[in-house]
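Here is a friendly walk through one model, meant to be read with the structure open beside you. Please take a look before reading on.

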Amino acid sequence: MNVPLPPTNGGCRTAPVLKERGQREVFCGLTGIIWLHRKMQDAFFLVVGSRTCAHLLQSAAGVMIFAEPRFGTAILEEQDLAGMADAHKELDREVERLLSRRPDIRQLFLVGSCPSEVIKIDLARAAERLSQVHAPHVRVLNYSGSGIETTFTEGEDACLASMVPVLKDTTARELLVVGALPDVVEDQMVSLLTDMGIGPIRLLPARRIDDTTAVGKNTVFALTQPFLGDTHAALERRGARHIAAPFPFGDEGTTAWLRAVAAEFGVSEETFESVTAAPRARARKAIAQAAEGLRGKSVFFFPDSQLEIPLARFLTRECGMTAVEVGSPYIHDALHGPDLDLLPAGPQISEGQDVDKQLERARAARPDLTVCGLGLANPLEAEGLSTKWAIELVFTPVHFYEQAGDLAGLFSRPLRRKAVLQMEAAE
Amino acid sequence: MKLTVWTYEGPPHVGAMRVATAMKGLHYVLHAPQGDTYADLLFTMIERRNHRPPVSYTTFQARDLGADTATLFKASCQDAVDRFDPQAIIVGASCTAELIQDDPAGLAETMGLSIPVIPLELPSYSRKENFGADETFYQIVKSLAKPQERTARVTCNILGPTALGFRARDDVEELTGLLSDMGIDVNVVAPLNATPSDIARLPAAHFNVLLSPETGEAAARFLEKNHGQPYTKVVPIGVGATRDFIAEVAEITGVTGRPDESRLRMPWWSRSVDSTYLTGKRVFIFGDGTHVAAHARIARDEMGFEVVGIGCYNREMARPIRALAKEYGVAALITDDYLEVEAAIEKLSPEMILGTQMERHIGKRLGIPCAVISAPVHVQDFPARYSPQVGFEGANVIFDTLIHPLVMGLEEHLLTMFRDDFEFHDDAGPSHHGGKAKAKTEDAPVVPAQPTDDNVIWLSDAEKELKKIPFFVRGKARRNTETFALEKGLHEISLDTLYEAKAHYAR
């Protein structure tokens, strides 16, 4: 019981996908640093890039986190490009200076950018060399967050994938839960699983390097975020097995996700019910209240974070909305398939972006709610469309039961606000 | 390679975007990878613009690099012209595209477009945002301005205001009114709200008003040299500067009309006795060169503050700011490293900072009030109300801006009198600001204070007394006392030393 039923008109897994290529109104993978540096409390993210990279991080962070953020940009200058300075020596010097100033840093990520990729600074070699210099106190890894290779949330994917090869080996049967979640949500998730008797539970990323995350052929892993394709592949290369499931958004998604994990660990139906019944009831009640303004309304997703497909599933099945178009930067069948199965047929599924063409489609459809990036939101509002900034969905706790009502609320608030504002004369 | 956490200026192509976004009928084709579109949100979110910036990004990816990014550029260019039908386009490269050397200018030239194509060379690895804006505006003016008859009436252009400028919208309005009072019409404002055909009309004006030297000086110089238009050197921010500006304009044009000063309240507000408490407040000023220079004069001559340090983040203004610092007898800080700015502020321990959003954060950390006077901008720097910086209304607005962060005069006295009161103590902060006053906690046992200078030690009585001094003057008292002790060759500061120093510095 309580297995989500596929829609009667069929799902979207086999629906034709509109693939577009053109101007993309999305962030690059560097942006993930904004939440990753808060999640991993002993990590520093050093972008090797240009002034543009530094400016992006500052602008995307919106409010500057002046409490010494654990990220920075080593800005390439003219002499670095002209070969007058040895980039590796320069990097060693900056890292030395940084680590001596911040003894609390235990893991350092060298993050590649568009310029560093184009001029081919070998950050893997640099990470290896710096690891030897600073071991055992500091572990140095590298990944690319460049816009030529990564779209927004793919930065987190690249970061987590870079950690997989250095995870300790284990033969123990363990559950590894993968994806950066706000601590409060992570604690809720761990407690639900623990109450079902599932364990040991390991987390990637762990909050600190000393934690005991390990991987091996008896590891099974579940993803909490739909953008972790490379991490998924890297874990499979280490012999771990993926538990495919819809993503834990809303009552239905959370239940299906937990059920897939519970089934893997042979949890009885009674135990599952007794652990999930109360939070499910709360989630349903909260969704019902928050979704009141969403019923019967249409929604259009611009591609942003790869959260679009699971969220469209939540909005259509649990909040009574109709999806017009669901755009995602990338679609991975292994990750998004279970959600596509449940998403009722009808919407245009699109992958990639040609923003001007997509804007034309949105204008023609005039959806009740458009989910899009910050660059598009105000211009569309000015055209009379209601919008929800997609980035808030990444920066706000939205996973699992206790946040399901908040998730619905994020979508209903713009519509409610439009309804409450009255500026005409009373007559 | 230089490690940077926060930057005062973006890359130069963001400067070009500030010009393109300010204008109408112009489109910017930017050779750039995915992700550089983040810059759109600066305009749509910070400035709350209701249009996307007129920028097409070619959005090349890793797999294109080995193949044909040049074709991608040409396709984007053609697409932008077809879709947006601009009167002219500017073409250029962001930092990554600069490395792949596709030569957007050459490529666009071969396309035989029917509209002017203005190429931009903006070196991303050596220059920054203000340079990018200044250079872009100059190239546009150079390409489009046409020799022509002067207008019959005395007219001027207002040069320099861009998108994301500090109060540019209201400054243009205030300045237009001021000039109109003098009997001078504005021919064209540019780049803000100008079209390429407006740019062509620039040489019809009799002279130029350079509102923002950071973003308009190269164009002003070009127009002076090639079209014989003199330009104003005084930026009318502050009462004195506005009066100087009026005199300068009269000198250039021979017009004798004088603007109405009846709405100018600032001088009386500053002379009013309730402002006495402002006298000699030690202020540190940092921002772009133009606003810093204007505010140094306002601070010293119009507010009666003591300027203890000035500096700017844009190296282009280093020379005038150094000269100004000399005149004020202080050191000039020319840097774009906010850690250096923070260190300088900490060392000087001013009672107030006039700075940017960066200094506001520094002030928050150090417990020093800060008024924001310059870009880089933040959503708060785009108020809904009319709040210019230039002209007489600008002077009124600045007076309010500068006193707002401070503890008000009478409150200052009350805090001094009742500093041991459990709720009206100095950690409570200015009463007109939000935030819950923290109830005073019991004094922790007094530990000997760490001397800020290696050579002096505070004895516990003196340290206790120092803590009784209200927070907004405590830093100054500590510094003065230590300087005094050092001058006297004392290595310990006692209660007597504290009060001797107080008497020594009394004014």
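How many Å separate the centres of domain 1 of chain B and domain 2 of chain B, taken over C-alpha atoms? The answer is 26 Å, and the sections below start from that pair of domains. Please keep in mind throughout that this is a predicted model.

## Confidence

Let us begin with the scores. The model has an ipTM of 0.93 and a pTM of 0.91. For chain B, the mean pLDDT is 90, with 90% of its residues at 70 or more. One stretch calls for care: residues 440-449 of chain B have a pLDDT below 50, and in the model this stretch makes 12 contacts beyond near neighbours in sequence. Where pLDDT is low, predicted coordinates should not be read in detail.

## Domains of chain B

Chain B falls into domain 1 (12-144), domain 2 (155-253), domain 3 (266-403) and domain 4 (443-507). Between the first two of these, 24 residues of domain 1 of chain B are in contact with 21 residues of domain 2 of chain B.

Which helices build the domain 1 side of this contact? On chain B, α1 (12-22), α2 (40-46) and α7 (129-144) each provide at least two residues of the side that touches domain 2. The top contributor is α7(B), which gives 10 residues. By residue class, this side of domain 1 of chain B has 14 nonpolar, four polar and six charged residues.

## Where the chains meet

Turning to the two chains, their contact draws 50 residues from chain A and 44 residues from chain B. On chain A, the elements that each supply at least two residues of the side touching chain B are α2 (51-61), β3 (71-75), α3 (78-81), α4 (87-101), α5 (114-118) and α15 (374-382). Of these, α2(A) gives the most, with eight residues. The chain A side divides into 26 nonpolar, 13 polar and 11 charged residues.

There is strand pairing across the chains as well: β3(A) and β1 (residues 2-4) of chain B pair in the antiparallel sense over three bridges. To find this pairing on screen, look for Ala74(A), which stands opposite Leu3(B) in β1(B).

## Parallel strands in chain A

Within chain A, strand β12 (residues 298-301) has two parallel partners to look at. Four bridges join β12(A) to β13 (residues 322-328) of chain A, and in that pairing Val299(A) has Ala323(A) as its bridge partner. From β12(A) the chain passes through helix α12 (residues 308-318) of chain A to reach β13(A), in a right-handed β-α-β crossover.

The other partner is β15 (residues 369-372) of chain A, paired with β12(A) in the parallel sense over three bridges. Here Phe301(A) stands opposite Val371(A) in β15(A).

## A helix under cover

Why is α15(A) described as largely enclosed by the rest of the structure? Seven of the nine residues of α15(A) are buried, so the helix is largely enclosed. The buried residues are Leu374(A), Gly375(A), Leu376(A), Ala377(A), Asn378(A), Pro379(A) and Leu380(A).

The cover over these buried residues comes from both chains: it includes β15, β16 (387-389) and α16 (391-395) of chain A, together with α2 of chain B. This fits with α15(A) being among the elements that supply at least two residues of the side of chain A that touches chain B. Following α15(A) comes Gly384(A), with a positive phi near 95°.

Note on methods
Residues are numbered from 1 along each chain as its sequence is written. Chains are lettered from A and ligands numbered from 1 in the order in which they are written. This is a predicted model: local features need pLDDT of at least 70, side-chain atom pairs count only at pLDDT 80 or more; totals for chains, interfaces and linings use all residues. Domain bounds come from an automatic or database domain assignment. Two residues are in contact if their C-beta atoms, placed from the backbone, lie within 7 Å. Ala, Val, Leu, Ile, Met, Phe, Trp, Tyr, Cys and Pro count as nonpolar, Asp, Glu, Lys and Arg as charged, and the others, Gly among them, as polar. Two strands pair if DSSP finds at least two bridges between them. pLDDT is the predictor's confidence in each residue, from 0 to 100. A crossover is right-handed if, with the strands pointing away from the viewer, the path from the first strand over the helix to the second runs clockwise. A residue is buried if 20 or more other C-beta atoms lie within 10 Å of its own, exposed if 12 or fewer, and partly exposed in between; C-beta atoms are placed from the backbone.
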